[in-house]
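Thank you for making time for this today. I would like to walk through a structure that is new to most of us, and I will begin once it is on the screen.

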Amino acid sequence: RARLRSLALYVLLAMALGWGVDIWRAQSIASRKAPELVATSLQGDKVDLAAMSQDKPVLVYFWASWCSVCSYVSPS
């Protein structure tokens, strides 16, 4: 019975900690309109972020050859 009580306490503590971290991280999430971004695709077409994001969310993936994390994530 004591082990079950300790297990329940640890589970509740982990849930409370996770909830607190989620609230803390949510403070830094951007909620404003995306900045204007017009770029050129690899095919030479104009890409307008505002136009693309009207109907559905858009993921913009920035990559740089000097970035060690980028090289690790996308080695090829």
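**The pocket and what surrounds it**

Let me start with the elements that line the largest pocket, where strand S1, covering 38–40, strand S2, covering 46–48, and helix H2, covering 49–52, each supply at least two residues of the lining. Please keep in mind throughout that this is a predicted model, and that the values I quote have been computed from it.

The pocket has a volume of about 180 Å³, and its lining includes Leu 37, Ala 39 and Thr 40, then Val 47, Asp 48, Leu 49 and Met 52, and further along Val 58, Leu 59, Val 60, Tyr 61 and Phe 62. If we sort the lining of the largest pocket by class, we count 10 nonpolar residues, one polar residue and one charged residue.

Staying with helix H2 for a moment, Ala 51 has its place there. Is Ala 51 buried, exposed or partly exposed? It counts as partly exposed, because its relative accessibility is 48%, and exposed would require a value over 50%. Ala 51 and Ser 74 are 23 residues apart along the chain, and 28 Å separates their C-alpha atoms.

Between S1 and S2 there is a loop, and Gln 43 lies in that loop. Gln 43 is classed as exposed because its relative accessible area is 65%, where the cut-off is over 50%. In sequence Gln 43 is 20 residues away from Ile 23, while in space the two are 41 Å apart, C-alpha to C-alpha.

Let me turn now to the beginning of the chain. Helix H1 takes in residues 2–26, which is 25 residues, and from its first C-alpha to its last it reaches 36 Å, close to the 36 Å expected at 1.5 Å a residue. How many of the residues of H1 are buried? The count is zero among its 25 residues, and H1 is hardly covered.

One residue that we can look at within helix H1 is Leu 12, which counts as exposed because its relative accessibility is 54%. The C-alpha atom of Leu 12 is separated by 35 Å from that of Val 69, with their positions 57 residues apart along the chain.

In the loop between H1 and S1 we find Ser 28, and Ser 28 is exposed, since its relative accessible area is 65%. From Ser 28 to Val 11 there is a separation of 27 Å between C-alpha atoms, and the two are 17 residues apart along the chain.

Finally, I would like to step back to the protein as a whole. It contains three helices and two strands, and reading along the sequence gives the pattern α-β-β-α-α. A compact globule of 76 residues would have a radius of gyration near 11 Å, whereas this protein has 22 Å, and its C-alpha atoms fill a box of roughly 70 × 30 × 20 Å along the principal axes.

How much of the protein is buried? Buried residues make up 5% of the 76 residues. The protein exposes about 7800 Å², and carbon and sulfur atoms supply 63% of that area.

So that we leave with one picture, please look once more at helix H1, with its count of zero buried residues, and then at the largest pocket, to whose lining S1, S2 and H2 each supply at least two residues.

Note on methods. Residues are numbered from 1 along each chain as its sequence is written. This is a predicted model: local features need pLDDT of at least 70, side-chain atom pairs count only at pLDDT 80 or more; totals for chains, interfaces and linings use all residues. Side-chain values use heavy atoms; hydrogens and water are left out. On a 1 Å grid over the protein atoms alone, a cavity is a set of points where a 1.4 Å probe fits but cannot get out, and a pocket is an open set with protein on both sides within 12 Å along at least five of seven lines; lining residues have an atom within 4 Å of a point. Grid points are joined across faces, edges and corners, and a volume is the space filled by probe spheres set on the points. Helices (H or I, at least four residues) and strands (E, at least two) are DSSP runs, numbered from the N terminus. Ala, Val, Leu, Ile, Met, Phe, Trp, Tyr, Cys and Pro count as nonpolar, Asp, Glu, Lys and Arg as charged, and the others, Gly among them, as polar. Buried means under 20% relative accessible area, exposed over 50%, partly exposed in between (1.4 Å probe, protein chains only). The expected span of a helix is 1.5 Å times one less than its number of residues. The radius of gyration is taken over C-alpha atoms; the globule rule is 2.2 Å times the number of residues to the power 0.38. Accessible areas come from the Shrake-Rupley method with a 1.4 Å probe; for residues, only the protein chains shown count as cover.
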